Amino acid sequence: MAGRSVRWGAALGFGAVWWWAVLRLALAPGAGPVEGAVAAGGWGLSLLPVHCVPKGRAAGALAAGRWREAWGWGAERDRGVVGDGAEPS
């Protein structure tokens, strides 16, 4: 329970600092590079894909090589039809 409170506190604190920087950039004539860096950094963090999972665990994930097999390239390569270095016998 304490960990959850710490996470919420940190999120609220960082959010407050980000809003301070954005409002200062928009409204204060003396805003500088610190406010710009905080605002740009917070915006950049919002673009991170935080809800991603590894491909193997993703629902509906496609197997590796799916497109090769769909186009028929995988089967031809296994038979030695496409130039894989195997000599015809």
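This report covers the fold, confidence, surface and selected side-chain contacts of one protein chain.

## Overall make-up

The model is predicted. The protein chain has 89 residues, and buried residues make up 4% of them. Its secondary structure comes to four helices and zero strands. Along the sequence, the pattern reads α-α-α-α.

The accessible surface of the chain is about 7700 Å². Carbon and sulfur atoms account for 66% of that area.

## Confidence

The mean pLDDT of the chain is 75. A score of at least 70 is reached by 62% of the residues. Among the elements, helix α1 has the highest mean pLDDT, at 89. Helix α4, residues 73–79, has the lowest, at 56.

Where pLDDT is low, predicted coordinates should not be read in detail.

## The salt bridge between α1 and α2

The count of salt bridges comes to one. The partners are the side chains of Glu 35 and Arg 24, with an N to O distance of 2.6 Å. The pair links distant parts of the chain: Arg 24 sits in helix α1 and Glu 35 in helix α2, 11 residues apart. The two side chains also register as a polar contact, again at 2.6 Å.

How exposed are the two partners? Glu 35 has a relative accessible area of 8%, so Glu 35 is buried; the cut-off for that class is under 20%. Arg 24 counts as partly exposed because its relative accessibility is 31%.

Glu 35 has a further polar neighbour. A polar atom of its side chain lies 2.9 Å from the backbone nitrogen of Gly 32. The side chain of Glu 35 is thus placed by distance against both the side chain of Arg 24 and the backbone of Gly 32.

## The tryptophan pair

The structure holds one aromatic pair. Trp 18 and Trp 19 form this pair, and its geometry is edge-to-face. The ring centres are 5.0 Å apart, and the planes meet at 80°. That angle gives the edge-to-face label because the class takes planes over 60 degrees apart.

Which exposure class does each ring's residue fall in? Trp 18 has 24% relative accessibility, so Trp 18 counts as partly exposed. Trp 19 has 49% and therefore also counts as partly exposed. The exposed class begins over 50%.

## A nonpolar surface patch

Trp 19 also belongs to a nonpolar patch on the surface. The other members are Leu 23 and Leu 27. Together the three residues have about 370 Å² of accessible area.

Leu 23 lies in helix α1, which spans residues 2–27. Its relative accessibility is 44%, so Leu 23 counts as partly exposed. Patch members need over 30% relative accessible area. Leu 23, at 44%, passes that cut-off. Trp 19, at 49%, passes too.

## Gly 41 and Trp 18

Gly 41 is found in helix α2, residues 33–46. Its relative accessible area is 35%, so Gly 41 is partly exposed.

How far apart are the C-alpha atoms of Gly 41 and Trp 18? They are separated by 8.7 Å. Along the chain, the two residues are 23 residues apart. Trp 18 is also one half of the edge-to-face pair with Trp 19.

Notes:
Residues are numbered from 1 along each chain as its sequence is written. Side-chain values use heavy atoms; hydrogens and water are left out. Patches are made of residues with over 30% relative accessible area and no salt bridge: like charges are joined within 9 Å, nonpolar side chains (Val, Leu, Ile, Met, Phe, Trp, Tyr) within 5 Å. Accessible areas come from the Shrake-Rupley method with a 1.4 Å probe; for residues, only the protein chains shown count as cover. A salt bridge is a side-chain nitrogen of Lys or Arg within 4 Å of a carboxyl oxygen of Asp or Glu. Helices (H or I, at least four residues) and strands (E, at least two) are DSSP runs, numbered from the N terminus. Buried means under 20% relative accessible area, exposed over 50%, partly exposed in between (1.4 Å probe, protein chains only). pLDDT is the predictor's confidence in each residue, from 0 to 100. Rings of Phe, Tyr and Trp (its six-membered ring) pair if their centres lie within 6.5 Å; planes under 30 degrees apart count as stacked, over 60 as edge-to-face and the rest as tilted. A polar contact is a pair of N or O atoms within 3.5 Å; within protein, one must be able to donate a hydrogen and the other to accept it, and residues adjacent in sequence count only if both atoms are side-chain atoms.
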